Amino acid sequence: MKTGDTQPKSVLITGATDGLGKALALLLADRGYRVFAAGRSSQKLADLDGIAREKKLALESMALDVCSDTSVQSAVQAVLAKVGAIDVLVNNAGVNYTAAVEDLSMEDWRAQFDTNVFGVLRVTRAVLPRMRERRRGRILMMSSLSGLVTPPTQGAYSSSKHALEGLSNALRMELYPFGIDVVLIEPGYIITGIQKAAAELSKPYLEKGGPYAPLYAQFFASVNSMRAQSKTTPEDCARVMLHAIETPRPKPRYGVTSLARVAKWSKRLLSDAAIDAMLRRRYGIVRER
């Protein structure tokens with residue numbers, strides 16, 4: 001994809017070493033974009049570089065920790081030094097702590113928001129000045145089905161995605177005068193590396209037992225079943241994101257997977273009480289006597 005001055009469009013993708021971010025990085029590079037694929041794992045970055053060399057793709061990996069001001073500023077300046085501008089930013093980096101609101105430690109609450117909300121802020125604020133100067137750009141925000149509906153044990157993750165939705169809604173208005181589009185991507189269940197990472201982060205809470213132990217067991221049984229039934233792949237989601245990048249007039253949000261679309265319409269058509277009743281049935285939540 002070329003810009004008006006015939007140069008390949010440049011794209012910075014956070015969390016690009018696995019899952020949805022990796023699928024998008026490879027798809028865009030294959031279509032001629034100049035891709036900067038950012039992540040924290042040196043091994044995964046090296047693996048991605050190996051794929052790029054093998055396929056002769058214009059993809060360059062780079063170390064970036066969205067929780068570090070210094071790391072973000074250094075990475076963005078390195079990209080700008082090489083290509084002069086970032087045409088598209090994809091805020092894909094994210095983590096998921098699964099635990100009841102009461103169980104989850106304050107340290108882990110902060111870690112959840114530092115990556116999923118403040119990390120997005122760090123990267124977006126670092127990229128915006130140059131985009132504003134050029135009067136063009138596009139920012140994709142990786143939200144979630146949990147940004148629409150909050151299942152039990154997902155209080156922290158869902159809260160972070162609701163915050164991302166609100167942040168994106170504000171940015172969409174504020175950046176409109178400068179020709180910058182802000183687009184939310186809202187996937188449902190897609191099998192990626194985030195599930196394994198979430199299980200590791202949540203392991204201490206699952207092992208300690210306590211009053212929420214039955215809920216944890218039911219939640220993971222339900223989620224694993226739904227993921228096993230999901231036919232949507234990371235590559236499917238990448239194609240939706242590609243459309244959101246290339247279409248002249250992107251929608252404010254794109255749902256990915258049929259479940260995400262069902263959740264969207266359920267929020268519009270059903271009362272909170274009805275949605276709560278559906279979730280209680282799914283996760284076996286009953287009032288104790």
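In this predicted model, the search for enclosed space gives a count of 1 cavity of 30 Å³ or more. The largest cavity holds about 30 Å³ of space. Its walls are formed by Thr-14, Val-66, Asn-91, Asn-92, Ala-93, Thr-115, Gly-119, Val-120 and Val-123. Helix 4 (residues 106–134) supplies the largest share of this lining, with 4 residues. Sorted by class, the lining of the largest cavity comprises 4 nonpolar and 5 polar residues, and no charged ones.

Open space was examined as well. The second largest pocket has a volume of about 330 Å³. It is lined by 17 residues, of which Pro-211, Tyr-212, Leu-215, Ile-285 and Val-286 are the closest to its centre. The lining of the second largest pocket divides into 11 nonpolar, 4 polar and 2 charged residues.

Two residues of the cavity lining, Asn-92 and Ala-93, also appear among the contacts of Gly-15. Gly-15 sits in the loop that runs between strand 1 (10–13) and helix 1 (19–30). Beyond its neighbours within four places in sequence, Gly-15 touches Gly-21, Lys-22, Ala-38, Asn-92 and Ala-93. Its relative accessibility is 23%, so Gly-15 counts as partly exposed; the cut-off for buried is under 20%. A C-alpha separation of 24 Å lies between Gly-15 and Ser-258, which are 243 residues apart along the chain.

Cys-237 offers a contrasting setting. This residue belongs to helix 8 (residues 234–246), and because its relative accessible area is 0%, Cys-237 is classed as buried. Once neighbours within four places in sequence are set aside, the contacts of Cys-237 are Leu-20, Ile-185, Pro-187, Ile-190 and Val-256. Of these partners, Leu-20 is 217 residues from Cys-237 in sequence, yet their C-alpha atoms are 6.8 Å apart in space.

Helix 9 (residues 258–269) can be checked by its length. With 12 residues at 1.5 Å a residue, helix 9 should span 16 Å, and the 16 Å between its end C-alpha atoms agrees with this. The buried residues of helix 9 are Ala-260, Ala-263 and Ser-266. Viewed down the helix axis, these buried residues fall within an arc of 120°, and therefore line one face of helix 9. Arg-268 and Leu-269, on the other side of helix 9, are exposed. The cover over the buried residues of helix 9 includes strand 6 (180–187), strand 7 (253–256) and helix 10 (272–282). Two of the contacts of Cys-237 described above, Pro-187 and Val-256, carry the numbers that close strand 6 and strand 7.

The backbone also deserves a look. Most residues other than glycine have a negative phi. Arg-135, which is not a glycine, has a positive phi near 65°. Arg-135 lies in the loop between helix 4 and strand 5 (137–142), and with a relative accessible area of 47% it is partly exposed. Thr-153 likewise has a positive phi, of about 75°, although it is not a glycine. Thr-153 is found in the loop between strand 5 and helix 5 (155–174). Its relative accessibility of 5% means that Thr-153 counts as buried, whereas Arg-135 is partly exposed.

How values were computed: Residues numbered from 1 in each chain as written. Predicted model: local features only at pLDDT ≥ 70, side-chain atom pairs only at ≥ 80, totals over all residues. Heavy atoms only, no water. 1 Å grid on protein atoms, 1.4 Å probe; cavity = no way out; pocket = protein on both sides within 12 Å on 5 of 7 lines; lining within 4 Å. Points joined across faces, edges and corners; volume = space filled by probe spheres on them. Nonpolar A, V, L, I, M, F, W, Y, C, P; charged D, E, K, R; others polar. Helix = DSSP H or I, 4+ residues; strand = E, 2+ residues; numbered from the N terminus. Buried < 20%, exposed > 50% of the residue type's maximum accessible area, 1.4 Å probe, protein only. Contact = heavy atoms within 4.5 Å. Expected span 1.5 Å × (residues − 1). Arc of directions from axis to C-beta.
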